[in-house]
Amino acid sequence: MLDINYIRDNKAKVEDAIRNKGEEDVSVVKNVLEVDESWREKVQLVDGMRNESNVKAKEIGKLMGQGKKEEAQAIIQETSALKEKVKEHEEALNKLKGERDDLLLKIPNVPHSSVPVGATEDDNEVFKNWGNINKDEWRKPHWDIVERHGWVDFERGVKVSGAGFPFYVGAVAQLQRALINYFINEAAQKGYTELQAPYLVNEDSARGTGQIPDKEDMMYVIPRDELFAIPTAEVPVTNFHRGEILAEADIPKKYVCYTPCWRREAGSYGKDVRGLNRLHQFDKVELVKMVKPEHSYEELENLRKHAEGLLEALELPYRTLLMCTGDMGFTQSKKYDLEVWSPGQQRWLEVSSCSNFESFQARRMQLRYRNEEKKTEIVHTLNGSGLALPRVVSAILEAYQEEDGKVRVPDVLKGFIGRDYL
């Protein structure tokens, strides 16, 4: 959520941000400012009436002290009528505030000045390339590899749950567990505190991180209990300190959390969803930061470098994209995507997004810290995948396969798996 004062002072900039993020209708800015103006006028009116009531209350005291009870009684009746009017105006004031807040929730975050303006993924900029692209023609896609070895059972997953809910069997189940442990250990060594978070969240949590009112259709809902299955650990972890005022000495906060994730919309067809490319349930290790505003872009670069370092340790070629305005999302001010090279499919696959939200999420959650002057300020929040498992698993299977069908274990995972081959 943007600060209403910021919108008031930067109306054209906010409208441009909405257009650059792919929305043609910018009337929400005009509407929210009109409601805010009405709200401020109503505040002045109510404050004036309260002040008048306070003045009359003092006058009543003086009259009573002078024994002028009849005059005092007349003013008491006036103040009673005035209080009723104040009550009516307060109800209108609360209604206006609710309307304003609803409109504010519909306005996307403003992109950072370093973000390229663009409409589609074709307008993203390649920020970094790492590793040599393997184009061996004999390499098979991961779905052929797992079928040959019986490592992933898609059919039984469909039987038990539906499409996009596979079973991992034997060596690939062990590979996933090894990756999760490795990713968490690496984050812990860099100062992240490990959390185990709830997999179900309430509406306030989903609203706090911006999943609603923007991505409701992507989330699985448990209507009887009014809960959402998390689409990412970002939601529970960022909400961990919702409504709190942190001590300045306690920030930055850095958390790492493994969870399964659920997303309803598979998104596309054909090769894009084949095998492990796009699932409804998948595993991910998430990194979340809560920092001072002046440090957030430095922390974004550190977050990106951490995720890149995991792929480099796994010796998986990747590229880092600086996402354009139209391909960035509703809540982010700046975002990098990391894409790993899939030698069996000969294409790039996203395995991480590293994002800075500035104060957008924290303002929704009223997540603040108290500075040296004892004043409260909104923190900046960031998160990144460190990393998402399915496509990392598929990239390992394809990159580490040998012509005889065996799949080697990456060196950094051998201590977790205990052998050289899966």
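A salt bridge is taken here as a side-chain nitrogen of Lys or Arg lying within 4 Å of a carboxyl oxygen of Asp or Glu. The structure is a predicted model, in which local features need pLDDT of at least 70 and side-chain atom pairs count only at pLDDT 80 or more, while totals for chains, interfaces and linings use all residues. Residues are numbered from 1 along each chain as its sequence is written, and side-chain values use heavy atoms, with hydrogens and water left out.

A search of the whole structure yields 24 salt bridges. One of them joins the side chains of Asp136 and Arg139, with an N to O distance of 3.2 Å. With a relative accessible area of 30%, Asp136 is partly exposed, whereas Arg139, at 12%, counts as buried; in this classification buried means under 20% relative accessible area, exposed means over 50%, and partly exposed covers the range in between, as computed with a 1.4 Å probe on protein chains only.

A salt bridge is also formed between Glu203 and Arg207, whose closest N and O atoms are 2.4 Å apart. These two residues are four positions apart in helix H8 (residues 203-208), and Glu203 and Arg207 are therefore separated by about one helical turn. Helices (H or I, at least four residues) and strands (E, at least two) are DSSP runs numbered from the N terminus. Both partners are partly exposed, Glu203 at 40% relative accessibility and Arg207 at 26%.

In the salt bridge between Lys292 and Glu248, the closest N and O atoms are 2.6 Å apart. This pair links distant parts of the chain, since Lys292 lies in the loop between strand E10 (281-291) and helix H10 (296-313), and Glu248 in the loop between strand E8 (245-247) and strand E9 (253-262), the two residues being 44 residues apart. Lys292 has a relative accessibility of 18% and counts as buried. Elsewhere, a network of salt bridges links Arg8, Asp36, Glu37, Arg40 and Arg100.

The surroundings of Lys11 were also examined. Lys11 is located in helix H2 (residues 11-20) and, at 34% relative accessibility, counts as partly exposed. When residues up to four places away in sequence are not counted, Lys11 touches Val29 and Leu33, a contact being defined by heavy atoms within 4.5 Å. The C-alpha atoms of Lys11 and Val29 are separated by 7.1 Å, the two residues being 18 residues apart along the chain.
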